[in-house]
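User: I am new to protein structures and would like a close look at how the aromatic side chains sit. Could you walk me through one part slowly?
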Amino acid sequence: MFSGKPTKPTFKCYLPPVQVCICGSLCEIVVNEVNFVRKCISAESSQDDLWGKLICTNFKVSFIPQDAPPKQKLKLSHLLLEEHDIPLTCLEQVVTVNDTKGKKKVLGSNQKLKFNPTELILYCKDLRVIRFCFDEAGPESAKKVCLAIAHYSHPADLQLLFGFDYQGRRYHESKGEWVNGSVPRGGLQTPIFDRPSDWDREIKRTGASEWRVCSINEHYAISQSLPEYIVVPVSLADQDLKQHSSFFTDQRIPLWCWNHSNGSALVRMTAINDPLQQRKIDQRYTVIKSHPQRNEVVRSDLEKFLPGIQDIQSAFVKVRQICVVDPFEESEERWFSSIENSRWLEYVRVFLKHSAEMVYYLDGKNSSVILQEEDDRDLSCVVSSLVQLMLDPHYRSIIGFQSLVQKEWVMAGHRFLDRCNHLKKNEKEESPLFMLFLDCVWQMINQYPSAFEFTETYLTVLSDSMWIPLFSTFLFNSPKQRSHCLMDFAKNKAIPQGEDQVVYFPPVWNWSQQFSAKDQTLFNNPMYVGKGAPCVQNGEVKTFRRTKKTFSSTMRGTPASLRNGLRGGEDSLHRRSSLVSELKPDFSPVKDESPSERFFRDWFSRPANQQGILIPLLLPSHMALWKLFFLRWVPEACIARGGPITAYHKLSQLVDEIEILQGQLRQYKGPSPGSTPLPSPGGPLSDQRRMYFTAISPSDPPTPPDFLNSSFPFTPVGNLCRPGVHGTPISKFLNGARIWLSTETLDNDAL
Amino acid sequence: MEKSGSVDSLGSKRSSSRQPSVDSLSSTSTSRSDRSAQTKPHSAMSSDSVSTSAELSPELRVSGLQAKVLRDSNKEELQLLPNEKVQDLAQDVTYFCPFIGALRGIVTVTNYRLFFKCTDRDPAFALDLPLGVVSRVEKIGGASSRGDVSYGLVCKDVRNLRFAHKQMEDTLRKSIFEVLMKFAFPVSNGLQIFAFEYGQVFPENGWKVCDAVSEYKRQGIPNESWRITKVNDHYELCDTYPSTLAVPVNMPDEELKRVAAFRAKGRIPVLSWIHPESQATVTRCSQPMVGVNGKRSKEDEKYLQAIMDANAQSHKLFIFDARPSVNAAANKMKGGGYESEDAYQNAELVFLDIHNIHVMRESLRKLKDVVYPNIEDSHWLSNLESTHWLEHIKLILAGALRIADKVESGKTSVVVHCSDGWDRTCQLTSLAMLMLDGYYRTIRGFEVLLEKEWLSFGHRFQLRIGHGDKNHTDADRSPVFIQFVDCVWQLTRQFPAAFEFNENFLVTILDHLYSCLFGTFLCNSEQQRLKEEIPKRTVSLWSYINSQLEEFTNPFYVNYSNHVLFPAVSLRHLELWVGYYIRWNPRMRPQEPVHQRYKELLAKRAELQKRVDELQREVTNRSASSSSERAGSPTRSITPVQTFV
């Protein structure tokens, strides 16, 4: 029996492949399967449960229903995963239960199981909780499948994650298309910041003339966790930098993040080993000769103000417990205080608040800001990206947002591998910082619904993508690790040297890997107000003429080539600061108001400019639970034919009509000088529609959108918030199992 | 303290002294001490004045754009309504704004409002408060060292205001706040409520919105099972019911009288709503007078049987008693009680556990403590939970959902009652009807719903709100109607495209529930309203609203047919109605106006459509004149896109 093997076998040869799965992805191998399995679906009764086959492959847990229910017409469908599939990396915990014996066991890798499971409960990182019953299945094969799932979800090594197999195969099978195509980098428009030009463009875009791209970390010669190219003050020579590097944790020379048009800069920095050097370093890195006000540098010690990574992890665990694990009615009783006790919303608020304060220093006081954290790879990722999101509208576009994640998370060396705990090796390192960031962004979207080009669906899908191990974005701890892993990978897969990593192991930003073009339109926010603003093109600042109707330019979408350089903040920043000085004389301070309070009061007294600075409202009552993310799988919490999506539905149709009309207008006007030739009159528009819900023809009477509900575009599936087969709430039954927390201790408890 | 009755002096003397005197306002210190990134918009200034003038003095907006411009430029000046008269004016009054601090200025009291105009600060600040909103005026403490007297105004709309002025030297002269008390509580002082004097004429006549007969006709009544009776024409059967009632066909008027004797206050079961297809009905009444001895009434039993028989689809009848079962049982001691299932065959009794008016009043009081003036930085959610306000909202919505579900999915008729059938019953039937019938989700339909289920069926607005009555401790006061509007708001949150009206509509209704500007919410019953000649002597709120529908229209509204709403009744989806309860807090800036954005898009579409149409005409003309030139003109591709608003 395989479960009795004393030594840890290698991941691959552990079980003989049964058959190659044709329905799944390339090179996917079925490890084990069991028939006559019941997947629990409905809350009260078992009559809606699905019967089918449970399969474990080297990529996912798959359930194939016997009688496939008719596919829902409108719903996000993943190109690589079926509705009932769970990637192995998405498994948080595998729990086997024997109902009759009253036994349960949390399964880890390579373990024994002394009872035949009657139930398998899978807790997923995307918050799904899925239950399978084996009452009609063969006990031995059920047991084998459970053990296989547990084992394969604990890969021994990063290279054993399915993505490496998958991308290698995909590369070779589609090579012709990639290489011969004229589109560089696989058609990807998001800057990856793995080459100097990406940084250079960012310097120019923000007008950071006192900064330069520096290549001393090429081949990771200085620091193991920094990218190869970083941005440093012009005033510092490479030699100085090398000297300084020894002051910092892991030789991380301070990283430039962003420049305000007033000359102040946002910089992130590790703790400095030698306190005497601190002030000197602060000055050298941020007070620039031409800084107009030469204001004091503000250094913010993030660990002092913000919760630590373990606090954040335990808050997330609690809020997840309340939302998807605890019985629905039970948690209903003290819902608000439970949410409060989890502290998740409190942390979301603290991060937003701290970031807003940094905005005050950068914009209101013209001070440069240094974010300081022990190793500069966790909290500062959240804060620096939030600050930039508030200050710079560029990052509120889809491409801009993706470049922000790339710049402040991936390239800055956020330890995605450890924080996601993909290898399930060390739970102390696990922390949902990126999730926290996405929640903060959602709070901003919730408050400023027309300031962002993307929707909450986009954010949710992005969070889910963390648990699909096919993209290079969330798999590594540092750019160096990524680069080395991918070099090894290229060698193993016989990919010619010099081939761009982005092409052979693409980041998540290439969304067509996961979704059809039509489904990707769910990412587009119909209310987005973009603006024709000054932008950088080929390194030259050009100004678009500001149109009166601000939305006209975005409705068609800015040409992709210009998006990278979109720059909206600067001009509004100037206006804002001049307003402040105009108002000052007559503005008697209120009570014992601090200057930052005054700054925020001023800002809030004027209508928000969607393309200017955005500061979130931060009363505790402004913080809301992100329902789509936390409650989408809970059938009891689903609003049939309701939810925010119904307004999105109507809005999208309206925007689609506008775009059709604009298309017609263009056809009439004919090619204007300098523009690309227009499609022939009457040419189809439909293939390029930007909206998911398209205009309906006048003859269709409005019918209630039956397919819409508050979980759309996701489908609530069975979860544990329900009585078990014998009327006992399963989670009560499981009391004592420290679900979500340590499997370490439980692993060894044979029950 | 200088006083002047003439308006001419208004603003001519500007107080030069900047009197901070803020130390007394400890209430805000919690948030002030929090030095990190606080969002403290100074919109306190504009917001206070803008929101009050925008929401509380609608008359300025009535005549459209022109009035709007006027208001914007003069929002800090007092604009009198027709027949509004200045009663008193006091200079050098301090208003302790809990958000900005102490402000010096001039207070004007009219027979409709209190108007405070700040004189020592720019941009100007004004506070505009209809006196109907004032629940009580209290003199706080004795004369302080500086010789100030201060007054607190407790308001019905979740705020408290504090003012102070110098001690009168002439002790015979009344303080302006004593003058204010006279006009704030006209009923207690033998004066007339301002609604009787306000003579504004609107293009629409709101008193014609609801006509009982035509509303029954819309529902298909009379039909073979239900008839309209005039037995209550002179309010003799039941003085708190409307004159027009719909009852089962086989219950003659004589028997109705005997049923009335068995139901509290004579409030017999009558039809509220009938399902257009299944004929399942929602009927409402008061509790049966069962008493401790378990009295029965043959006629009442026959009546409920008749209600059941009128619906061929089901052989069951559900009786929803809104009360907790303990309360229902306790009512037996007072002669009331509930239907026993022995006496009423085929009927099933369900208790909905909704608490009484006193519990609700207490809950809202606690809520006010939590949200006004400032929200504590910590424990927001547990503080909110401890008020139980949202739990009550949940129970009411859950009850209404059960009713709607029985009627829609179970095709079963239901009878709804509480004790008297004029508080919780109104909430339940009207919410169930909102879920079941899309008509009530339109602006006019909602007005009809309020006129019928609340006003005509005798929800005691005068008693529950206490219009113009100084007796603020009256145990009959209760926020039953506010609670209902809150429930409606919760529904609009869950179904953003299902309602024709927007949040502003609901807030406006609540503001004028108190303002006493319109006659709509005066009196306790239809009979009283008739006696007082309310429709003749006052203006209806619906006249004002229907004259400017655009302000109250939800742009996302789609009129789907047969769209029954089944809300998710869970605290997960219930939120505190921030836009109402916390609107006075300037840090609670209204959320970004999505609706504004939608209007821009609509305008954009209209503009584009126009241009496309023009071009199309041009092309057609050109191709007609030179048809040979361009054979394949693009006309064929130009089909006007549907415009649905």
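User: Which residue lies over the face of A:Tyr692, and at what distance from the ring centre?

Analyst: Happy to help! This is a predicted model, in which local features need pLDDT of at least 70, side-chain atom pairs count only at pLDDT 80 or more, and totals for chains, interfaces and linings use all residues. Residues are numbered from 1 along each chain as its sequence is written, chains are lettered from A and ligands numbered from 1 in the order in which they are written, and side-chain values use heavy atoms, with hydrogens and water left out.

Over the face of A:Tyr692 lies A:Lys518, at 4.5 Å from the ring centre. A charge counts as over a ring if NZ of Lys or CZ of Arg is within 6 Å of the ring centre and within 35 degrees of the ring normal.

A:Tyr692 also has an aromatic partner, A:Phe693: the ring centres are 5.0 Å apart and the planes stand at 90°, so the pair is edge-to-face. Rings of Phe, Tyr and Trp (its six-membered ring) pair if their centres lie within 6.5 Å; planes under 30 degrees apart are stacked, over 60 edge-to-face, and the rest tilted. Both A:Tyr692 and A:Phe693 are buried, meaning under 20% relative accessible area, while exposed is over 50% and partly exposed is in between (1.4 Å probe, protein chains only).

By this pairing rule, there are 83 aromatic pairs over all chains. Another of them joins A:Trp442 and A:Trp626, with centres 6.0 Å apart and planes at 15°, so this pair is stacked. A:Trp442 and A:Trp626 are both buried as well. Finally, a second charge over a ring: A:Arg128 lies over the face of A:Trp633, 5.3 Å from the ring centre.
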